[in-house]
Amino acid sequence: MIRAAVPGTPIVLVGAVRGLVAEARRVSRELYDLAPDAVGLALSPEEFRGYREYFVDARAEPVVPLASTEWSEIRGLVRFGEVRVPNPTMVEAIGWAVDRNVPVEPLDPRDDATAEWFTEHIGYVELVRRTLRERGLAHHPPEPASPDEFVAAWEDTIDVGAGSRRYRAAKDAHLVRAATDFARGRSRVALVLDRERLERVHRALATGAPGA
């Protein structure tokens, strides 16, 4: 987990490796120390509703189906500690905010917008190459020395194409705009996001240039 304040704004980014239980616990402690007056999440509204309804407010957790690439990511992460799905960091962050009556909102684009951007930016040839890279990861996940290096290598392997990078930049730009609006008039806002996005989003927020 890594924490990074954005100069000149009330925003503090909290980036955690998706899936690792130890990271989720660190985020919970970080939120306690930060005591933000609002929490923003790098989740779509649909994801947020699912997390809240089925994993925060529910008495029993449902079975979560996984794609082959998700299984591969889990297999690669388990050597760093216990892994849970869905992302326990988001479950912890939502639960932390709900328990304290702190406003919490999803700041990533809606799923239909994400699907539209994917189609717009990633053509057929790149889609085939991307699918082949995902299949390769399913059989041979990266083996770096740390969780941070693992998620960076994972993303860089899948998002190597120009269209994939443009798609990623579009999502990050939306998050930056939404976080800026969300933070307006507040004294301290925690923005919880996947570790691999932190540097890009921090740079864009600090420079005032979405997608930087």
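Visitor: Where H8 passes H9, is the crossing left-handed or right-handed?
Guide: The structure above is a predicted model, and the answer is read from the helices as they are placed in that model. H8 passes H9 in a crossing that is right-handed.

Visitor: At roughly what angle do the axes of H8 and H9 cross, and is H8 oblique or parallel to H9?
Guide: The two helices cover residues 162-183 for H8 and 198-207 for H9, and their axes come within 10 Å and cross at roughly 50°. Because angles from 65 to 115 degrees count as roughly perpendicular and those under 35 as roughly parallel, that crossing makes the relation of H8 to H9 oblique.

Visitor: Which residues of H9 meet H8, and how many residues in this contact are charged?
Guide: From H8 come Arg168, Asp172, Leu175, Val176 and Thr180, which meet Arg200, Val201, Ala204 and Leu205 of H9. Sorted by class, the contact of H8 with H9 has five nonpolar residues and one polar residue, while the number of charged residues is three.

Visitor: H8 also packs with H5; what is the angle between them, and are H5 and H8 roughly parallel or antiparallel?
Guide: Helix H5, residues 111-121, packs with H8 with the axes 8 Å apart and at an angle of about 150°. Since an angle over 145 degrees counts as roughly antiparallel, H5 and H8 are roughly antiparallel.

Visitor: Which residues of H8 meet H5, and how many polar residues does the contact have?
Guide: Thr114, Trp117, Phe118 and His121 are the H5 residues, and they meet Gly163, Arg166, Tyr167, Ala170, Lys171 and His174 in H8. By class, the contact of H5 with H8 has four nonpolar and two charged residues, and its polar residues number four.

Visitor: Which residues of the largest nonpolar core touch the most other members, and which element gives the most to this core?
Guide: This core has 22 residues, and Leu31, Val39, Leu41 and Val192 are those that touch the most other members. Elements giving two or more residues to the core are strand E2 (11-16), helix H1 (21-34), strand E3 (38-41), helix H2 (45-56), helix H4 (88-99) and strand E5 (189-194). With six residues, the element that gives the most to this core is H4.

Visitor: Leaving aside neighbours within four places in sequence, which residues is Val192 in contact with?
Guide: Val192 is one of the residues that touch the most other members of the largest core. With its sequence neighbours set aside, the contacts of Val192 are Val14, Val27, Val39, Gly40, Leu41, Ala42, Thr89, Met90 and Ala93.

Visitor: Which residues of H2 are buried, and what covers them?
Guide: Burial here needs a relative accessible area under 20%, and in H2 this holds for Pro45, Phe48, Gly50, Tyr51 and Phe55. What covers these buried residues includes E3, H4 and strand E4 (104-106).

Visitor: How are H2 and H4 placed, roughly parallel or perpendicular, and how many nonpolar residues are in their contact?
Guide: The axes of H2 and H4 come within 10 Å and cross at roughly 75°, and the two helices are therefore roughly perpendicular to each other. In H2, Phe48, Tyr51, Arg52, Phe55 and Val56 meet Met90, Val91, Ile94, Gly95 and Val98 in H4. Of the residues in this contact, one is polar and one is charged, and the number of nonpolar residues is eight.

Visitor: Which loop holds Pro86, and is the peptide bond from Val85 to Pro86 cis or trans?
Guide: Pro86 is found in the loop between helix H3 (68-77) and H4. Omega for the peptide bond from Val85 to Pro86 is near -5°, and that bond is cis.

Visitor: Where is Ala35, and is Ala35 buried or exposed?
Guide: Ala35 sits in the loop between H1 and E3, and its phi is near 50°, a positive value in a residue other than glycine. Because exposure is counted from over 50% relative accessible area, Ala35 at 52% counts as exposed.

Visitor: What is the relative accessible area of Asn101?
Guide: Asn101 lies in the loop between H4 and E4, where its phi, near 55°, is likewise a positive value in a residue other than glycine. Asn101 is exposed, and its relative accessible area is 72%.

Key
Residues numbered from 1 in each chain as written. Predicted model: local features only at pLDDT ≥ 70, side-chain atom pairs only at ≥ 80, totals over all residues. Heavy atoms only, no water. Axes fitted to C-alpha atoms, helices over the stretch in contact; angles between N-to-C directions. Helix = DSSP H or I, 4+ residues; strand = E, 2+ residues; numbered from the N terminus. Left-handed = near helix turned anticlockwise from the far one by under 90°. Contact = heavy atoms within 4.5 Å. Nonpolar A, V, L, I, M, F, W, Y, C, P; charged D, E, K, R; others polar. Core = buried A, V, L, I, M, F, W, Y, C linked by side-chain atoms within 4.5 Å. Buried < 20%, exposed > 50% of the residue type's maximum accessible area, 1.4 Å probe, protein only.
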